[in-house]
Structure formats: structure tokens, C-alpha cells
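Welcome! Open your viewer, switch to a cartoon view, and get ready to select a few things one after another.

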Amino acid sequence: MDMNIGQTNKRPRRQKDMTQEQLADEFLMSTRTYGKLERGETDVKLSTLERMAAVFGVTVSNLLSTEFDLSNAAENVMRRISRGFLNL
């Protein structure tokens, strides 16, 4: 199964009831850009992948792996957002 980085983020985001806006803010991009990323309508820059990995607390390799489950990472991000601690 071929999965893009947006699909990789979408699944745990939905499982944890996170909005595109919440992740877009943490990834330092507009909600519109993040939406395009989730739909696979835009390419992802390395700097964006690095930022995503930092926010999720994983490696870029983990983000790109179809075997890696971001659900736990997304849960940690949601906790940090709700406490106002996520400030990279």
C-alpha cells in the first residue's frame, strides 16, 4: 500500500480528535497548506518533515515508514497542546 505523509498524519490526528488547525500551528504552516499536505496535493519539504518529526517526538525515518504507528506520538502531542507546553 502506497501512503503519503499526509495520510500518515491524518489517521492518528483523527483518532485523537485533533484538528488540522492544531497540527498546522505546530508544524508552522497554514491550515490550508496542511490540508493540501493531508490530501497529497503538495510535496513536503525536508524542513517540514524535520519539524513534524520534532513535534511528534520521532525520527524523519519513522514518519516515512509505512510500518510506524503515530497514534502514541499524536496522543503525546495532544496532551502537550492542551497543557500549553508545546512550544518548539
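Before the first stop, one definition: two residues are in contact when they have heavy atoms within 4.5 Å of each other. Keep in mind, too, that this is a predicted model.

**Stop 1: the whole chain.** Begin with everything on display. You should find 6 helices and 0 strands, so reading from the N terminus the pattern is α-α-α-α-α-α. The chain has 88 residues, and 36% of them are buried. Its accessible surface comes to about 5,500 Å², with 44% of that belonging to carbon and sulfur atoms.

**Stop 2: colour by confidence.** The average pLDDT of the chain is 78, and 72% of the residues score at least 70. Now select residues 31–39: this is helix H3, which has the highest mean pLDDT among the elements, 92. Then select residues 71–83, helix H6, where the mean is the lowest, 68. A word of caution for your travels: where pLDDT is low, the predicted coordinates should not be read in detail.

**Stop 3: two helices that meet.** Select helix H1 (residues 5–15) together with H3. At which angle do H1 and H3 pack? The angle is about 105°, and the axes are 6 Å apart. H1 and H3 are therefore roughly perpendicular to each other, a label used for angles of 65 to 115 degrees. Show the side chains as sticks to see who takes part: from H1 come Ile5, Gly6, Gln7, Asn9, Lys10 and Arg13, and they meet Tyr34, Leu37 and Glu38 of H3.

**Stop 4: the nonpolar core.** Next, select Phe27, Tyr34, Met52 and Leu63, the residues with the most contacts inside the largest nonpolar core, which has 15 residues. Helix H2 (20–26), H3 and helix H4 (46–56) each give two or more residues to this core. H4 gives the most, with 5 residues.

**Stop 5: methionine 52.** Finally, zoom in on methionine 52, which lies in helix H4. Is methionine 52 buried or exposed? Its relative accessibility is 0%; buried means under 20%, and so methionine 52 counts as buried. Which residues does methionine 52 touch, leaving aside those up to four places away in sequence? Select Ile5, Asn9, Phe27, Tyr34, Leu37 and Leu63 to see them. Try a distance label as well: the C-alpha atoms of methionine 52 and phenylalanine 27 are separated by 6.0 Å, while the two residues are 25 residues apart along the chain.

Terms used
Residues are numbered from 1 along each chain as its sequence is written. This is a predicted model: local features need pLDDT of at least 70, side-chain atom pairs count only at pLDDT 80 or more; totals for chains, interfaces and linings use all residues. Side-chain values use heavy atoms; hydrogens and water are left out. pLDDT is the predictor's confidence in each residue, from 0 to 100. Helices (H or I, at least four residues) and strands (E, at least two) are DSSP runs, numbered from the N terminus. A nonpolar core is a set of buried Ala, Val, Leu, Ile, Met, Phe, Trp, Tyr and Cys residues joined through side-chain atoms within 4.5 Å. Buried means under 20% relative accessible area, exposed over 50%, partly exposed in between (1.4 Å probe, protein chains only). Accessible areas come from the Shrake-Rupley method with a 1.4 Å probe; for residues, only the protein chains shown count as cover. Axes are lines fitted to C-alpha atoms, for helices over the stretch in contact, and angles run from 0 to 180 degrees between N-to-C directions. Angles under 35 degrees count as roughly parallel, over 145 as roughly antiparallel, 65 to 115 as roughly perpendicular and the rest as oblique.
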